[in-house]
Amino acid sequence: MTKLSDTQALILSAAAQRPEHIALPLPESLRGGAAAKVVGTMLAKGFLQEVDADKRNREPIWRETGDGHGVTLVATDAGLAAIGIELKDANPAPAGATDAPTEEPAPDTPKEPEAAPKTRKPREGTKQAKLIEMLRAEGGATIDEIVTALDWRPHTVRGALAGALKKKLGLTITSDKIEGRGRAYMIAED
């Protein structure tokens, strides 16, 4: 299954429940530039498609094309498959919809699919580098050991494991419960 952000999964799940899989309206919390960025990424990945909006049916409009026509967003088969929904009908667009004009891209829409983010490497001598070193050591490290070594609070350690290491650096963190020691965390070798 494709890895989606929470916002992308929310948009696709809502679209899957709407007639003709229309992705609008977007979540209330998603506005302006953030909405354009998320939609642009989803368009580039093929999860959403821009199609002519049927104003007679009052379909919501994502953007105006400049010639008086509106464009709406529709979840594609790839987008629905990304959230685990397989369709029998292979038509991702609403009935009667045609592909939107491609002359004018959506605001802030990337022209080409974005390359995978560069792998970040922590600076040497930092607490993050020390944490990674501890987790790569034989047997890994427990939260208590990390708290002592880095002079952090336990919630800071858990946040660093989940946020900095897993999300930002893309490392795979595993854990094992070791008798007499507690739960030890380690970086899985790929």
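Me: Is Asp 151 buried or exposed?

Reply: The relative accessible area of Asp 151 is 66%. Buried means under 20%, exposed means over 50%, and partly exposed lies in between (1.4 Å probe, protein chains only). At 66%, Asp 151 therefore counts as exposed.

Me: What pLDDT must side-chain atom pairs have to count?

Reply: Residues are numbered from 1 along each chain as its sequence is written, and side-chain values use heavy atoms, leaving out hydrogens and water. The model is predicted: totals for chains, interfaces and linings use all residues, local features need pLDDT of at least 70, and side-chain atom pairs count only at pLDDT 80 or more.

Me: Over which residues does pLDDT stay under 50?

Reply: pLDDT is the predictor's confidence in each residue, from 0 to 100. The chain averages 78, and 78% of the residues score at least 70. Where pLDDT is low, the predicted coordinates should not be read in detail. The stretch with pLDDT under 50 has 14 contacts (heavy atoms within 4.5 Å) beyond four places in sequence, and covers residues 92–97.

Me: In what order do the elements of the protein chain run?

Reply: The chain has six helices and six strands. These are DSSP runs numbered from the N terminus: helices are H or I with at least four residues, strands are E with at least two. From the N terminus on, the order is α-α-β-β-β-α-α-β-α-α-β-β.

Me: Where does Asp 151 lie?

Reply: Asp 151 is not a glycine, yet its phi is positive, near 60 degrees. It lies in the loop between α5 (143–150) and α6 (154–168).

Me: Which residue is joined to Leu 24 by a cis peptide bond?

Reply: The partner is found in the loop between α1 (6–17) and α2 (32–45). Omega is about 0 degrees for this bond. The residue joined to Leu 24 is Pro 25.

Me: Is His 21 buried or exposed?

Reply: His 21 is in the loop between α1 and α2. Its phi is positive, about 60 degrees, although it is not a glycine. Its relative accessible area is 17%. That is under 20%, so His 21 is buried.

Me: Which element gives the largest share of the largest nonpolar core?

Reply: A nonpolar core is a set of buried Ala, Val, Leu, Ile, Met, Phe, Trp, Tyr and Cys residues joined through side-chain atoms within 4.5 Å. The largest one has 24 residues, and Leu 12, Leu 26, Leu 48 and Leu 73 have the most contacts inside it. Elements giving two or more residues are α1, α2, β1 (48–52), β3 (70–75) and α3 (77–82). The largest share is five residues, from α2.

Me: How far apart in space are Phe 47 and Leu 12, C-alpha to C-alpha?

Reply: Leu 12 touches Phe 47, along with others including Met 42, Leu 48 and Ile 83. Phe 47 sits in the loop between α2 and β1 and counts as buried, at 5% relative accessibility. The two are 35 residues apart in sequence; in space they are 8.0 Å apart.

Me: What separation do the C-alpha atoms of Ala 36 and Trp 62 have?

Reply: Ala 36 is in helix α2. It is buried, with a relative accessible area of 7%. Trp 62 is 26 residues away along the chain, and the C-alpha separation is 9.8 Å.

Me: At what angle do α4 and α5 pack?

Reply: Two packed helices are described by the angle between their axes and the distance between the axes. Axes are lines fitted to C-alpha atoms, for helices over the stretch in contact, and angles run from 0 to 180 degrees between N-to-C directions. For α4 (residues 127–136) and α5, the axes are 11 Å apart and the angle is about 145 degrees.

Me: Which residues of α5 make the contact with α4?

Reply: From α4 come Lys 127, Lys 130, Leu 131, Met 134 and Leu 135. From α5 come Glu 145, Ile 146, Ala 149 and Leu 150.

Me: Which elements do the buried residues of α4 pack against?

Reply: The buried residues of α4 are Ala 129, Leu 131, Ile 132, Met 134 and Leu 135. They pack against β4 (141–142), α5, α6, β5 (173–178) and β6 (182–187).
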